[in-house]
Amino acid sequence: MALTVEIDPHSGFCGGVIRAIGSAERFLSEHPGRPLHSLGAIVHNEEELERLSRQGLVTVSKEDLPGLAAAGLTSLLIRAHGEPPETYRLASNLGFEVVDCTCPVVLKLQKDIRAAYERLQATGGGRVVIFGRIGHAEVLGLVGQVGGDAVVVEDAQMLRAFLSDGTIRRDARIELFSQTTKSPEEYAEIAGILSAFLADPSGLTVHDTICQQVARRHSKLSEFALSHDVVIFVSGTTSSNGQVLFGLCKSLNIRTFHISSEADLRKEWFRPDDRVGVCGATSTPKWLLERVASHIAGLSL
Ligand code: SF4
């Protein structure tokens, strides 16, 4: 039997990333010679960023904005992760034209967090708790909706520390949200710990805010990882979703390897009769998965 390679049909960009890249490419083709500045990387994938930079997309940080405005470079893209309200104010004050690519799923989450916060304020207080990665762009955008007055928990251990140091009180009412790309299993664990801790568990409202595209991908990817001898997981090193999905594959198939591009592949990972599965995160382009798969198929073992 020879080595076979299959690409996971459910891997590749999610709808939010496809939409953002489409908007960037449209803007650049409609404004030849005018660069578009993306506030943070439009996608956590170095290969795709390089492709888009050849078309005129430049990744910048908030600190760069005054200098860009002074130089008359005033086209700004807000990526699918979204931004806090102060970013929009800053961009408007500096005269930027904003191409807003915030994913509709994230926009709804931002709106729901604002509404929950106002509800708590109007009815005697409580805490907005967000399960997400501290400092992640989407989480910064979410926390910004409530002026920073939210508790961000990264995992069960951090949550337990907040319960014991009084950051979250037993008599509190809690509105719980998740960053869109977190693991559904871990979110359920966080909700379970909170519910068991509160004096009145009915004071906990758990919002179902994990992106459905991500949630579906978890179950499909589990099947994919189990049905292959070797799993090659392709994603950028800074992709939060990539880290979660790689961890999921690795927990199911010990022969799972993480790479950013075909240059990271190692011959010794493969045996001649292996069934190899190639998959990736919501930020991994299909063309990169295809390139990796064809490289593996061409290996002489
Ligand atoms: S993962 Fe879901 S919420 Fe996040 S950008 Fe993609 S489609 Fe939108």
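Strand 10 (residues 230–234) and strand 11 run side by side in the parallel sense, joined over 4 bridges. Two strands count as paired if DSSP finds at least two bridges between them. Helices (H or I, at least four residues) and strands (E, at least two) are DSSP runs, numbered from the N terminus. Within this pair, Val 231 stands opposite Thr 256 of strand 11. In general, strands of a sheet pair through backbone hydrogen bonds, either parallel or antiparallel.

A word on the model: it is predicted, so local features need pLDDT of at least 70 and side-chain atom pairs count only at pLDDT 80 or more, while totals for chains, interfaces and linings use all residues. Residues are numbered from 1 along each chain as its sequence is written.

Now let's step back to the whole sheet. It is open, has 4 strands in the order 1-12-10-11, and pairs in parallel. Strand 1 (4–7) and strand 11 (256–259) are at the edges with a single partner strand each, so one side of each has no neighbour in the sheet. From one strand to the next, the twist averages 20 degrees.

Helix 9 (residues 212–226) lies across strand 10, strand 11 and strand 12 (275–280). Contact here means that the C-beta atoms of two residues, placed from the backbone, lie within 7 Å. Axes are lines fitted to C-alpha atoms, for helices over the stretch in contact, and angles run from 0 to 180 degrees between N-to-C directions. Two angles of helix 9 can be set side by side:

| Partner of helix 9 | Angle |
|---|---|
| strand 12 (275–280) | about 155 degrees |
| helix 10 (residues 240–252) | about 35 degrees |

The axes of helix 9 and helix 10 are 9 Å apart. Among the residues making this contact are Val 214 and Leu 221 of helix 9 and Leu 245 and Leu 248 of helix 10. The contact residues divide into 8 nonpolar, 3 polar and 1 charged. Here Ala, Val, Leu, Ile, Met, Phe, Trp, Tyr, Cys and Pro count as nonpolar, Asp, Glu, Lys and Arg as charged, and the others, Gly among them, as polar.

Helix 9 also gives two or more residues to the shell around the ligand, as do helix 1 (15–30) and helix 5 (104–122). Helix 1 gives the most, with 3 residues. Of the 14 residues around the ligand (C-beta atom, placed from the backbone, within 6 Å of it), Cys 14, Gly 16, Cys 103, Val 105 and Cys 211 come nearest. The shell holds 8 nonpolar, 6 polar and no charged residues.
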